[in-house]
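Below are some comments on the model you sent. They take the sheet, one buried side chain and the two main pockets in turn.

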Amino acid sequence: MFSNASNFVKGVDNVFLVIIGICLFFLVLITGIMVLFLIRYNKKRHAQPVQVQDNPRLEITWTVIPVLLVLFMFYIGWKQFLPMRDSPANAMRVKVVAQMWAWSFEYPGRKVADTLVLPINKPVHLGLHSRDVIHGFYIPSFRVKEDAVPGQNNYTWFIPGELGDYDIFCSLYCGVSHAYMHAIVRIVDEQAFGKWLAALPAKKMDNDNLGFKVLEKNGCLGCHSLDGKKLVGPSFKGLYGSMVEVVTNGANRKIAADSLYVSTAILDPDKDLVSGFPPGVMKSYKGLVKDAEVGQIIEYLETLK
């Protein structure tokens with residue numbers, strides 16, 4: 001029995017069932033013919049091999065039939081795919097932002113959550129964006145998967161049909177913590193959704209800061225948190241002006257996290273590597289970040305006490 005988790009479940013499952021059925025049919029047929037030939041044309045019955053002449057009709061048949069089957073499988077897949085790219089004009093719009101290694105969901109009014117909460121039986125249009133590398137937005141229960149590509153605007157849509165929590169995964173390998181890039185889509189009734197959205201606080205105005213915009217544009221916030229949490233790299237919170245233990249040319253030392261340190265960390269990240277973090281993870285942004293942008297980053301880091 002098909003699930004009603006989304007409006008695409010039945011169609012996608014039907015396509016897979018048809019394709020799997022065709023594959024199983026030919027698996028049994030071809031395996032059976034192979035076994036039959038092994039029995040019928042073994043060496044005991046045919047000690048002297050006989051040259052078998054070509055058969056144009058047979059060759060045409062086993063060429064045309066597979067071509068028609070492949071075209072048929074393409075057609076039913078394409079027919080199911082088209083509605084998945086036809087988002088309704090009245091769909092509720094939510095911005096999905098992917099970064100290493102988390103999902104965030106932005107609702108109208110600058111309201112941001114780490115859980116995708118949606119009302120049941122209402123179409124939703126999800127705009128997909130990436131701050132760093134390609135991520136695959138994948139909800140298996142909804143039969144929905146689309147890529148979030150840096151510098152490009154992509155989307156997906158669906159109509160949730162069952163209450164409950166469903167897993168969101170990244171379907172593309174995006175780095176060392178790819179397996180932990182997980183979120184939840186929670187389907188609730190319309191009244192509960194309205195209350196949840198009203199209580200959701202608006203996003204802080206950090207995104208109006210020029211230094212923040214430079215960090216966000218270059219994917220820095222995927223590896224460095226702003227709240228003190230340790231990610232792939234050290235947190236930016238309280239970094240500027242503090243004493244940092246680093247490894248320089250194989251020796252441990254403590255240096256001040258001043259403007260020179262920040263600039264060096266951006267342009268030559270392995271020169272003064274923070275202790276406890278492996279080398280070679282962060283690339284150099286030399287030529288990618290301008291001097292003026294480095295200055296904007298430093299000004300922003302000074303505010304993160």
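1. S1 and S5 (residues 124-130) run parallel to each other and are joined by seven bridges. Within this pairing, Val94 has Leu126 of S5 as its bridge partner. Note that the model is predicted.

2. The sheet that holds these strands is open and has five strands, ordered S3-S2-S1-S5-S8. Its pairing is mixed. S3 and S8 (154-158) are the edge strands, each pairing on one side only. On average, neighbouring strands of this sheet are turned by 25° against each other, with direction ignored.

3. Asn154 is part of edge strand S8. Is this residue buried or exposed? Asn154 counts as buried because its relative accessible area is 18%, under the 20% cut-off. Two polar contacts of its side chain can be listed. One joins the side chain of Asn154 to that of Arg85 at 3.1 Å. The other runs from the Asn154 side chain to the side chain of Glu146, at 3.3 Å.

4. The largest pocket encloses about 1200 Å³ of space. Its lining comprises 31 residues, and those nearest the centre are Gln99, Ser104, Arg131, Leu226 and Asp227. By class, 16 of the lining residues are nonpolar, seven are polar and eight are charged.

5. Which strands supply at least two residues each to the lining of the largest pocket? They are S1 (92-99), S2 (102-107) and S3 (111-113). S2 gives the most, with four residues. These strands also belong to the five-stranded sheet of point 2, where S3 is followed by S2 and then S1 in the strand order.

6. The second largest pocket has a volume of about 910 Å³. It is lined by 39 residues, with Cys223, His224, Met282, Lys283 and Tyr285 lying nearest its centre. Helices H4 (210-217), H5 (259-267) and H6 (291-301), together with strand S13 (273-274), each give two or more residues to this lining. The largest share, four residues, comes from H5.

7. For the second largest pocket, the lining divides into 27 nonpolar, six polar and six charged residues. Anyone setting the two pockets side by side may want the corresponding classes for the largest pocket, which are 16 nonpolar, seven polar and eight charged.

Technical notes. Residues numbered from 1 in each chain as written. Predicted model: local features only at pLDDT ≥ 70, side-chain atom pairs only at ≥ 80, totals over all residues. Heavy atoms only, no water. 1 Å grid on protein atoms, 1.4 Å probe; cavity = no way out; pocket = protein on both sides within 12 Å on 5 of 7 lines; lining within 4 Å. Points joined across faces, edges and corners; volume = space filled by probe spheres on them. Nonpolar A, V, L, I, M, F, W, Y, C, P; charged D, E, K, R; others polar. Pairing = 2+ DSSP bridges. Axes fitted to C-alpha atoms, helices over the stretch in contact; angles between N-to-C directions. Buried < 20%, exposed > 50% of the residue type's maximum accessible area, 1.4 Å probe, protein only. Polar contact = N/O pair within 3.5 Å; in protein donor to acceptor, adjacent residues only side chain to side chain.
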